[in-house]
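User: I would like to study the model shown below through a series of questions. Please reason briefly before each answer.

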Amino acid sequence: MTIPVTRPVLGDSELAAIASVLDSGYLVQGSRVAEFERIVAEHVGLQHAVAVSSCTSALRVALLALGIGSGHRVIVAPYSWVATANVIELCGATPVFVDIDPSTFNMDAALLRSRLDSLSRAGEIGSVRAVMPVHTFGNTAGVDDIVMVADEFSIPVIEDAACAVGATVEGRPAGSLGTIGCFSFHPRKIITTGEGGMLVTDDDDLAGFARTFRNHGQRVGVARPDVHEHRRRAAAHALAARHVHAAPFTAQRGARGRQPGAERAGVDHVVLRGRAFLMRMIENRRLDTTTASRNVHRSGRTRTATPRWSNSPIGSAHRRTPSGSTATRLTK
Ligand SMILES: Cc1ncc(COP(=O)(O)O)c(C=O)c1O
């Protein structure tokens, strides 16, 4: 038997929650999705939570809600799952990569400042429409500094908090620091709905756009044919609503100045070279591995000068599963 990278913990109460949704005949959106949105909004302390079909959708809707498209630039961390940069290209905008701090895996706020300064000096700062930091592996370290720098330049922040549901930065929930936060409920995340995502914000207009966009431009009392797509949530979100009740959000995972893996090992940071070899060694011991987060700047359509740290096959993170056991995962 191989021990999987992660495995969702599903029991009788989840099966009962799903059965009750199937029984209701209401399989898309519905009251359980609304309940889940309410719970998430309450947890992050924001006015709005809008459930969509994945975090990728949430990120894309966030960009569109901010009016981002052709001719615009979005600053993004190059070390992430490819969705983070892909959605920028999908909107017709250009990802601009600012390298990570090797001690946290997260975007380096000092490098962000110098990039914004140089764009400002070149008279190009107006094209930068958002900064998109990632809470890598749910580690929140330094994301508040990134928000502070973006604020100085009056640039909105979209937090890719895909893996950071329940994490905090100095006591503030991940996803609530910037203009919009986006969560994933993919089976490898803290809580799961199968596929699923959520966008959170305090801004009424942005939330209104997201609610309308996810449902073909229709909303109660609103129909905007110019704003449409199908990104509704299946009532499987009921599953997550159940999870949230059963296992309250995790405590802070991010330690300022240290990668989660490095902290456990008692070193400053972890850089792995020869990933394929390492993965084979781990697999020989019947532990499953996977490659997910990567040097996005080398794998997308927009190739660019090589950020230093993000180009290393970095990535060893430990994740505490709800059952209390610790699964080692290489990336994602
Ligand atoms: C950092 C990051 N952003 C975005 C995503 C995309 O999430 P989803 O699979 O829900 O679209 C992931 C998924 O692994 C991720 O790790």
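Analyst: This is a predicted model. A starting point is strand 2, residues 73-76, which pairs with strand 5 in the parallel sense over four bridges.

User: Which residue of strand 5 is the bridge partner of arginine 73?

Analyst: Strand 2 and strand 5 are paired in the parallel sense. Within strand 5, the residue bridged to arginine 73 is valine 128.

User: Which strands stand at the edges of the sheet with the order 4-2-5, and why?

Analyst: Three strands form this open sheet, and their pairing is parallel. Strand 4 (94-97) and strand 5 (128-132) each have a single partner strand, so one side of each is left without a neighbour in the sheet. From one strand to the next, the twist averages 30°. The edge strands are therefore strand 4 and strand 5.

User: In what order do the strands of the four-stranded sheet lie?

Analyst: This second sheet is open and its pairing is mixed. Its edge strands, strand 1 (48-52) and strand 6 (158-160), each pair on one side only. Neighbouring strands are turned by 20° against each other on average, direction ignored. The order is 1-10-9-6.

User: Which residue is the bridge partner of aspartate 160 in strand 9?

Analyst: Strand 6 and strand 9 (residues 180-184) pair in the parallel sense over three bridges. In strand 9, aspartate 160 is matched with cysteine 182.

User: At about what angle to strand 1 does helix 7 run?

Analyst: Helix 7 comprises residues 204-213 and lies across strand 1, strand 9 and strand 10 (197-201). Its direction relative to strand 1 is given by an angle of about 20°.

User: Which elements give two or more residues to the shell around the ligand?

Analyst: There are 15 residues around the ligand, of which Ser54, Cys55, Thr56, Ala162 and Ser184 come nearest. The shell divides into six nonpolar, seven polar and two charged residues. The elements that give two or more residues to the shell are helix 3 (55-65) and helix 4 (83-90).

User: How does asparagine 295 count: buried, partly exposed or exposed?

Analyst: Asparagine 295 belongs to strand 13 (residues 294-295). Its C-alpha atom is separated by 5.0 Å from that of tyrosine 79, although the two residues are 216 residues apart along the chain. A residue is buried if 20 or more other C-beta atoms lie within 10 Å of its own, and exposed if 12 or fewer do. Because asparagine 295 has 19 C-beta neighbours inside 10 Å, it counts as partly exposed.

Key: Residues numbered from 1 in each chain as written. Predicted model: local features only at pLDDT ≥ 70, side-chain atom pairs only at ≥ 80, totals over all residues. Pairing = 2+ DSSP bridges. Axes fitted to C-alpha atoms, helices over the stretch in contact; angles between N-to-C directions. Contact = placed C-beta atoms within 7 Å. Near = placed C-beta within 6 Å. Nonpolar A, V, L, I, M, F, W, Y, C, P; charged D, E, K, R; others polar.
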